Amino acid sequence: MNRSFAESTARERVTHLLDADTFHEILGPAERVVSPHLALLGVPSAFDDGVVIGSGLLDGQAILVAAQEGEFMGGGVGEVHGAKLVGLFKRALAAKPAAVIVLAESGGVRLHEANAGLIAVSEVMRALLDVRAQGIPVIMLIGGANGCFGGMGLIARCADHVVMSDIGRLAMSGPEVIESSNGVEEFDSRDRALVWRTTGGKHRYLTDDCDVLVEDDVAQFRAAAMGLLGQSLPLSLASMEAEHALLASRLSRYGDCRDALDIWQRAGVADPLRVPDMEARQMPALKALNPKELA
Amino acid sequence: MEKLHFEFPGQYAPGHFTPVLVGVVGSGNLEVMLEPHGGSTCTIDVTTSAGGFGPIWEAVVHDFQARHRLAGIAVSINDMGATPAVVSLRLDQAAAALPLGSQSNSGAPT
Amino acid sequence: MRNWNSVADNRGARLARAASLVSGKVVQAEAATALLGAVLESGDRVCIEGNNQKQADFLARCLTQLDPAQIHDLHMVQSVLALPEHLDLFESGIASRLDFSFSGPQSARLAKMVSAGQIEIGAIHTYLELFSRYFVDLTPRVSLVCAQAADAQGNLYTGANTEDTPAIVEATAFKGGIVIAQVNEMLPTLPRVDIPGDWVNFVIPAPQPHFIEPLFTRDPAQISEIQVLMAMMAIKGIYAEYGVQRLNHGIGFDTAAIELLLPTYAESLGLKGKICRHWALNPHPALIPAIEAGWVESVYSFGSELGMEDYVNARSDVFFTGADGSLRSNRALCQAAGHYACDMFIGSTLQIDLNGHSSTATLGRIAGFGGAPNMGADARGRRHATPAWLKAGAQARQGRTGVSAMPRGQKLVVQIVETFREHMQPAFVDKLDAWQLADQAHMAIPPVMIYGDDVTHILTEEGIANLLLCRSDEEREQAIRGVAGYTPVGLARDRRMVENLRDRGVIQRAEDIGVDKRDATRSLLAARNMRDLVRASGGLYDPPKRFRNW
C-alpha cells in the first residue's frame, strides 16, 4: 500500500526512505539537545528540535540524512536545528557519503529565534556548498504539506538535485507574505489552486527548478533518491554563468506572464488548464513535448 | 508553561532498550519519549504549554499505568495542548513500541 | 356584506401598482427596488430565500434600499439569516419581526440586536416546522426567491439547489401572495421546469449569480485518529449491531470519517449490503468512495453541494435527477424523509448534560436549530417496521409497564462527540449554556437541539452509552458519566455503577466490541485528502478552489 510522504512524520519518512534497520540517529531525542530560546517564550520544545539527522544505507550505499519535522514550529530553522544541519554537512566532508539527503519541510527561519535562526540558515548554506565542492551530491526531497519556503527554499536550490511531489511547494516568500505585502489582487493566498500553480512541484518541474517529480509516496521518493546517488553537479564559475543565462532567458521569455497558466501556454503546452489535474507520472511526457521551451 | 511530575510503582520492566519516541509537538499534539532508567518505578515528566490541567494529567497517567504497569521506565512528554484522548492514544502507542513483555490491554479508564 | 376575496383583491391592487412601473413578468435589475416598493405594504409577512445554502442576495440588497418611511415593520419569515443584509433590514426599521430557523454566520449580531430591542423574534423553528407554518399561520404575502434560470413565461429552473423554493412558492402563490424570483440567467427553453410560471409573478435577471455556500464539504486531511476510532466504534457497535440500512448523517468530520470507512473498515467486517443502502443526505463528497464501491442504493438530498454537479449527473442510479440529468433537491421533502423514512440519525453537538439533552446553544449567539431536530427525534407518527427500529424499540421497552409496555419501534438517535472540544472545553456539562441563553434572549424555554429522551446512544472516544437500556435517571446519568472521559462530569463518575453498567452492556468500550485502538489510523480512510476524492470520482468531482492543494 502506498505510504503518503506528506502524512508521515519526519522520523517515519527517514525510516521508510532508507534500507531497513540501517538508520543511526545522531543527537537523538534522548540527548535532549533542545532550543535554548523557546522555553523563555513559553513555547514547548521538541527533544530533537524538529530535525532528525543521522547516517544509514540507501540501496546499500552509505549516506547521511536530515529530515525536518514540518509540524513542529512549521519546520522553522532555529539555532540548534540549524547547528544539527551544519554538523551533518561537516561530517559529510570527513565521511564522504554517496550523498547527503535532506528531507526539507520548513517555513524558513524560526522567527522566535530571530538572528540565531538567520545565522543558522546562512551557515547551512555555506556548509552545503562546501560539501558540493568536494563532489558529494546533495539531494533535496520536498513533499511535506507545509512546503519548503524562506531561507530553506534558498538552501534547497543550492543543492545538486531537487525531488518534489506535486503536493510539495518550493519558493522563497510564502503566499500570505506576498498577499500582505502586495495586496490580494497581486496574489490571493486563499486561492489554493493559484498557490500550487505558482509554487507547487508540477510547475517547478515544468520550469526545471525541480529535477524529478514523484507522487506522494515514500517509495517513489526513495527510488528517485537512489537514482541520483553519486551524481554530483559541478560547482564552478561556468555552471554559475550558465544558470544566470538560463534565468535571464526565462525572464525575457516569461517575465510578463501573470500566472503559471500563461507560462505553460506560451511554452506550447496543449491544454494548460488541465495540467493541475494531471497526475505526476504524466508530467515527464508533457515536458518531453516542449523540452527547450519550458526551461 | 507548566511542568508536572508523577511517579508510580510498576511491575513489567522491559530492561534496557533504545529510547522510543512517538508523536510530534504540534498544535493539539504531543511527543512521548520512553527511556529505561534504574529502579522499579515508572516516572512521568510533562512539560505543557496548556497550564492548569494538573488533575486531568494525573487521572490520565494513572489510568495509563493501570493499563501497562511499567517499571524501570522514564516517560517524558512535550505537550502543546493535546486533549486527554490524544494523550492516552500517544502513551499507548509509545508503550506498544516497547520490546515484548510490556504489552497489556490498551483500554480506556475503567 | 363581507368581501370574501379581499386578499385576492389586494393582490390585484399591488400588481396594478407594479404594472405602472414595469410591463410583463421579466423585470430589469435596475427596476427591482422600485418593484419591491410597489408590491410591498408595511407590516407584510415577507419570505426571503436565505436558505441553508443558496441566497437571494440581490433581492436582499434591494430590500435594504427601500425607504423605511414608505415600507416598514415587515415581518420576515426565512429559513436562514445568512447575509448581513438580512439583519440590516431591522436596523433601518424596514423589518421589525422575525421567524426563522437558523442563523449561522449572523448568530452573534442577531443576539446583539435582539437584546438592543431592534428585532422581535416570533419563534425559532426547525426547517420543516417553519415550512409547515407557511401553510397554517405564517403564510408569506410576498416571497423573494432565487433560481438558476427562468424563461419568458416565468417558469423557473432551480436545478441542483432547489432547496426550499417549492415549499415557499406553493404556500405564497396559492394564498393570494406574490412571488418574485431573481435568476442567474434567462433562457428560451429551460432544462426542466421546477416551478411553473403560473406560480411566479416576476422574474429578475440579477447582475451576479446568487451566492451558494459549500457547507457539506469536509477535507479528509483534517480527520484525526480519534475521529477514525469513533467511526470504527459507530460502525461496529451501532450500524452493524442494529443493521442500519436507512440513515441521515449530520454534517461534520466525525460522520465524514464514517463515510470514508465504509469501503475499508466496514468492508472488512463483511457489512456491504447490510448497512447504509439508503440515505437522506446532501451530496457529500466524502460519500464518493462508498458510492463507487457499490454501498449506496439511493441518496435523496436537501440541496446540492458545490463541485458535485457532474458527479451526481453521472450517477443517476443513486441520486434523484430530472429528465435534464441534473439533481433535484427539496429540503422540505428530505426533512420528512429523514424524519419518517430513516432508522438512524447520527450527528455531533457542542454540549450534553446529565440527562442526555444536547445543545449547540452558546452564550452571546442565537444560532437556532436548522434541520437536526427533525432527523434527531423519534418519529412518533411512524408505523412501518424495520429490524433496526424494532430492536431499538424493544430495548427501550424491555421490562416496562403501563403505557410504555405497548410494543413499539424507536428511531436510533446517536450523538457522536469527543469529550473535549477545542480549547479543552468539555462537551459534557452539568448545566447547558442553553439555560443562560434562554434568560439572556428572553426565550420561553431553553433551546435544546435534541432532547435526552430522544437520544438513544452517546458515542465518545471512551465508548458507547446505550440509553435505551437505562431504567432510571441515575443509570442514565452514570451511563453518560461513564463515557465522558476526563471531563469533570466524567471524573465524578461512580466507578462501581459504571463497572456494573459495562457488565450489562449499557456501556461498551472499544475493546468490548472488538475494536483495537491501534488500528485507528488515518490509513484506514478510503480517501485521505481532497485529491483522493477527486480521483475516486474519476475526475467528476470538482472541488471549490478553497479545498484544492495540488
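**A sheet in chain C and a pocket in chain A**

In this predicted model, chain C holds an open sheet of eight strands, arranged in the order β11-β10-β9-β12-β15-β16-β17-β18, with mixed pairing. The strands at the edges are β11 (298–300) and β18 (507–508) of chain C, and because each has a single partner strand, one side of each is left without a neighbour in the sheet. As a general point, strands of a sheet pair through backbone hydrogen bonds, and they may do so in parallel or antiparallel fashion. At the β11 edge, strand β10 of chain C, which covers residues 278–280, runs parallel to β11(C) and is joined to it by three bridges. Within this pair of strands, H278(C) stands opposite S298(C) of β11(C).

Turning to chain A, we can look at G151(A), which lies in helix α4, made up of residues 150–156. Its relative accessibility is 12%, and since buried means under 20%, G151(A) counts as buried. Apart from its neighbours within four places in sequence, G151(A) is in contact with G108(A), V121(A) and M125(A).

Helix α4 also leads us to the second largest pocket, for α4 of chain A is among the elements that give two or more residues to its lining, together with α3 (114–133), α6 (192–199), α7 (201–206), α9 (237–254) and α10 (260–266) of that chain. The pocket holds about 1500 Å³ of space, and of the 42 residues that line it, R157(A), R204(A), D209(A), L247(A) and R250(A) lie nearest its centre. Helix α9(A) provides the largest share of this lining, 10 residues, while the lining residues divide into 22 nonpolar, seven polar and 13 charged.

Notes. Residues are numbered from 1 along each chain as its sequence is written. Chains are lettered from A and ligands numbered from 1 in the order in which they are written. This is a predicted model: local features need pLDDT of at least 70, side-chain atom pairs count only at pLDDT 80 or more; totals for chains, interfaces and linings use all residues. Side-chain values use heavy atoms; hydrogens and water are left out. Two strands pair if DSSP finds at least two bridges between them. Helices (H or I, at least four residues) and strands (E, at least two) are DSSP runs, numbered from the N terminus. Buried means under 20% relative accessible area, exposed over 50%, partly exposed in between (1.4 Å probe, protein chains only). Contact means heavy atoms within 4.5 Å. On a 1 Å grid over the protein atoms alone, a cavity is a set of points where a 1.4 Å probe fits but cannot get out, and a pocket is an open set with protein on both sides within 12 Å along at least five of seven lines; lining residues have an atom within 4 Å of a point. Grid points are joined across faces, edges and corners, and a volume is the space filled by probe spheres set on the points. Ala, Val, Leu, Ile, Met, Phe, Trp, Tyr, Cys and Pro count as nonpolar, Asp, Glu, Lys and Arg as charged, and the others, Gly among them, as polar.
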